[in-house]
Amino acid sequence: MTPRERVLMSLKRTGVPDRAPFQLILGGFTGAMRRTYQKETGSDLPPEEYFDFDTRYLNPGPSEKQTDFSRFFRSTEGREASRMRSNDLREWPTLGNNVTFSEWGVGSVPTRFEIPDHKYHPLAGMETVDEVNGFDWPDFDAAYRYEAVAKKTAEHQARGYAVCGQMAQTVFETAWLMRGMETFMMDFYINEELAHAICENITLIRIKQAEHYARAGVDVLLLGDDIVTQQGCMMSPDTYREFIKPCVARIIAAAKAINPDIIIFMHSCGKIEPMIPDLIEAGIDVLNPVQPECNDLVMIKKTYGDRLSFWGGIGVQSVLPHGTPDEVREMVRSTSALMGEGGGYLCAPAHLLDPAIPWENVLAFIDAASGNLCKSTQ
């Protein structure tokens, strides 16, 4: 089977492939771990080519917009933000020379672990819907940014790989990153109109983005919002159903209207079990990462395996950093046998791999996953 045939058969649950497809999530490595990869392999190839994953990821092309987001914050010289709440007595952050802004205007600074600290939130000081609507929103919805996506999709598929269009931090995460977590969570209760306006502006961009990916012919649309912690829901189910779920459902419906066969993937770290029925109702096809440290994989497969496929399941907080290579191989085999019974599974770590994971365990995962057979074909 080609990798694409393997992925489509498994995720669409139309049969059991020759083995469970596999990959490392989101490129696989943190910055430090990627340097380990380059040192250990001596390769300049990206990990998906060197290890021959079954999938390839694509992002929109670069933007032609150049927006100065620094006006929303104090500079190191003390320049005031253009808008701040008059009753906000917090010490607003100042901009140093190490701040990097995303296209959404979220400013980040590096950390010792090379995972950015999102400290700067451009909507934090806004008080009205008009201010939110007047924000200089990014042009992820512009058609020119997907011209190369369509070409690369065709090229990867011609080589036999399944193609995934990247659209993580779909609504909720982008909203709180732009507004600030504490402020946005309070908006749900004391500033509902503003919360809806933020979600609506993001959703309109995401709908167009999903449509462009669908027209480009990607096989899988990768959505993602962490809506739970490892202990439970981050917000009440009713709050999710009012503010976030309708947005996700509209995005999925837009993609499916153009390509009914597109596979909808949803990433949400943490204890996702209570929210799975809502995600199914919104229209997802694949759940990721089914984090094994805080979810009952046996129950999830038994309860939802006829309606969902699963992607992930190999713990980056347990077996990968703390197990032996043999224990990693056994976990890959047992998880693939459980989650892949009857099809419906792509084998992957639950998140990025970092330097806490021994390199020999990375190789053990690759070794077991690339040669693994689903339970029904053993």
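The following dialogue explains how to read a few features of a predicted model.

Reader: Which conventions apply to the numbering and to the values?

Author: Residues are numbered from 1 along each chain as its sequence is written. The model is predicted: local features need pLDDT of at least 70, side-chain atom pairs count only at pLDDT 80 or more, and totals for chains, interfaces and linings use all residues, while side-chain values use heavy atoms, with hydrogens and water left out.

Reader: How is a sheet to be read, and in which order do strands 4, 5 and 6 lie?

Author: Strands of a sheet pair through backbone hydrogen bonds, either parallel or antiparallel. Here 3 strands form an open sheet in the order 4-5-6, with antiparallel pairing; strands are DSSP runs of E, at least two residues, and helices runs of H or I, at least four, numbered from the N terminus. Two strands pair if DSSP finds at least two bridges between them. Strand 4 (100-101) and strand 6 (117-120) each have a single partner strand, so one side of each lacks a neighbour in the sheet. Strand 5 (residues 107-109) pairs with strand 6 over 3 bridges, and Gly-107 has Tyr-120 as its bridge partner in strand 6.

Reader: Is Thr-55 buried or exposed?

Author: Buried means under 20% relative accessible area, exposed over 50%, and partly exposed in between (1.4 Å probe, protein chains only). Thr-55, in strand 1 (residues 55-58), has a relative accessible area of 2% and is therefore buried.

Reader: How many residues of helix 8 are buried?

Author: In helix 8 (residues 192-216), 18 of the 25 residues are buried. Gly-217, with a positive phi near 90 degrees, follows helix 8.

Note on methods:
Expected span 1.5 Å × (residues − 1).
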